[in-house]
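This briefing is written for a reader who wants to check local geometry, contacts and a pocket lining before setting up calculations. Please keep the sequence and the coordinates open while reading the points that follow.

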Amino acid sequence: MPTLSVILITRNEEANLGDCLASLEGIAREIVVVDTASQDRTLEIARNYGAIIAEPSDWPGFGPQKNRALDLATGEWVLSLDADERLTPALRSEILTAINHSAQVDCFAIPRLSWYCGRFIRHSGWSPDYVDRLFKRGTARFSDDLVHERLIPNGQVARLKNPMLHFSFMNYSQVLQKIDRYSTASAEQAFAAGKTSSPCKAVLHGIWSFLRTYILRAGFLDGPQGLALAISNGQGTYYRYIKLWQLHNQSQRPDQQDVKE
């Protein structure tokens, strides 16, 4: 019978981790957690579930950190999860069937149903949201992106039917915090790639992101949360481009020590 390793990366994930790990009952031979300086009960919770834990001192970004977790996995199959994601009983059953009857498939994409401040979002570009997460070990690696990393499979990819539940945003404070973190990381990644921006670009991209989410992707069908999500997408895009502009400006300024000399 094929064995399954589940890998996670954590940073102060106490609020989510217990429910995530509980949803793995009966499916995982091993759980691998790579943690970055958690100060809450994250590691205690992980140990209670018998997880293999690594605590590197640095934070290289989401993609490289997930590859660290992948390198510690020993199962024939690997399932990558985030702490705010859950498997349903139907999805657990489907995963077990897939890894036992998948001679021609090396990777499975799992549909994800995401929660946004009071409801699951079924439009707005969030659904259907297929993510490559279940794969034979040795057939895929994660991209080296600092944020919005993706799995890069080598072989054939098939789709599962039952969704995982993604409790991405429980309240608007979390929305604001993630907008700040992700826009900073995205701006740094874009700057490292040689991209530039301007206040005008930031405004235009922000407006386009709102319109695309709310109108083109039918966010209006998701009710008040759809409007709020479209606004937060516009904000996140605006801040990503304005922070990129700021990074470029800072790189053009002479060092303060050089000015004094």
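Which backbone nitrogen does the side chain of Ser38 reach? The side chain of Ser38 reaches the backbone nitrogen of Asn12, at 2.6 Å. The model is predicted, and every value below is computed from that predicted model.

**Ser38 and its surroundings**

- Ser38 has its place in the loop that runs between β2 (30-35) and α2 (42-48), and with a relative accessibility of 13% it falls under the 20% cut-off, so Ser38 counts as buried.
- Besides reaching the backbone nitrogen of Asn12, the side chain of Ser38 makes a polar contact of 2.5 Å with the side chain of Asp35.
- When neighbours within four places in sequence are left aside, the residues in contact with Ser38 are Thr10, Arg11 and Asn12.

**Asn16 in helix α1**

- Asn16 belongs to helix α1, which spans residues 14-22, and Asn16 is buried, its relative accessible area being 19%.
- Apart from neighbours within four places in sequence, Asn16 is in contact with Ala83, Asp84 and Arg86.

**The annotated domain**

- The UniProt record, an unreviewed entry, carries the annotation "domain: Glycosyltransferase 2-like" for residues 5-130.
- In the model, the chain over residues 5-130 is 31% helix and 28% strand, and the C-alpha atoms at the two ends of that range are 20 Å apart.

**Backbone features to check**

- Most peptide bonds are trans, and most residues other than glycine have a negative phi.
- Against that background, a cis peptide bond joins Ser127 and Pro128, with omega at about 0°.
- Ser127 lies in the loop between β7 (119-121) and β8 (130-136), and Pro128 is likewise placed in the loop between β7 and β8.
- The relative accessibility of Ser127 is 28%, so Ser127 counts as partly exposed.
- Once neighbours within four places in sequence are set aside, Ser127 is in contact with Ile121 and Arg122, while the C-alpha atoms of Ser127 and Arg217, which are 90 residues apart along the chain, are separated by 9.6 Å.
- Cys117, which is not a glycine, has a positive phi of about 50°; Cys117 sits in the loop between β6 (107-116) and β7, and at 11% relative accessibility Cys117 counts as buried.
- His148, also a residue other than glycine, has a positive phi near 55°; His148 is found in the loop between β9 (140-142) and β10 (151-153), and at 53% relative accessibility His148 counts as exposed.

**The second largest pocket**

- The volume of the second largest pocket is about 240 Å³.
- Its lining is made up of Val147, His148, Ser186, Gln189, Ala190, Ala193, Lys195, Thr196, Arg240, Tyr241 and Leu244, and the elements that give two or more residues to this lining are α5 (172-192) and α7 (223-252).
- Sorted by class, the lining of the second largest pocket holds five nonpolar, four polar and two charged residues.
- His148 therefore appears under two topics here, as an exposed residue and as a member of the pocket lining.

**Contacts between helices α6 and α7**

- Tyr238 lies in helix α7, and with a relative accessible area of 28% Tyr238 is partly exposed.
- The C-alpha atoms of Tyr238 and Gly206 are 4.5 Å apart in space, although the two residues are 32 residues apart in sequence.
- Leaving out neighbours within four places in sequence, Tyr238 is in contact with Ala202, Val203 and Gly206.
- His205 lies in helix α6, which covers residues 199-216, and with a relative accessible area of 31% His205 is partly exposed.
- His205 is in contact with Thr237 and Tyr241, again leaving aside neighbours within four places in sequence, and Tyr241 is one of the residues that line the second largest pocket.
- The C-alpha atoms of His205 and Leu227, by contrast, are 17 Å apart in space, with their positions 22 residues apart in sequence.

Note on methods. Residues numbered from 1 in each chain as written. Predicted model: local features only at pLDDT ≥ 70, side-chain atom pairs only at ≥ 80, totals over all residues. Heavy atoms only, no water. Helix = DSSP H or I, 4+ residues; strand = E, 2+ residues; numbered from the N terminus. Buried < 20%, exposed > 50% of the residue type's maximum accessible area, 1.4 Å probe, protein only. Contact = heavy atoms within 4.5 Å. UniProt positions renumbered as here; feature names shortened; annotations may be inferred. Polar contact = N/O pair within 3.5 Å; in protein donor to acceptor, adjacent residues only side chain to side chain. 1 Å grid on protein atoms, 1.4 Å probe; cavity = no way out; pocket = protein on both sides within 12 Å on 5 of 7 lines; lining within 4 Å. Points joined across faces, edges and corners; volume = space filled by probe spheres on them. Nonpolar A, V, L, I, M, F, W, Y, C, P; charged D, E, K, R; others polar.
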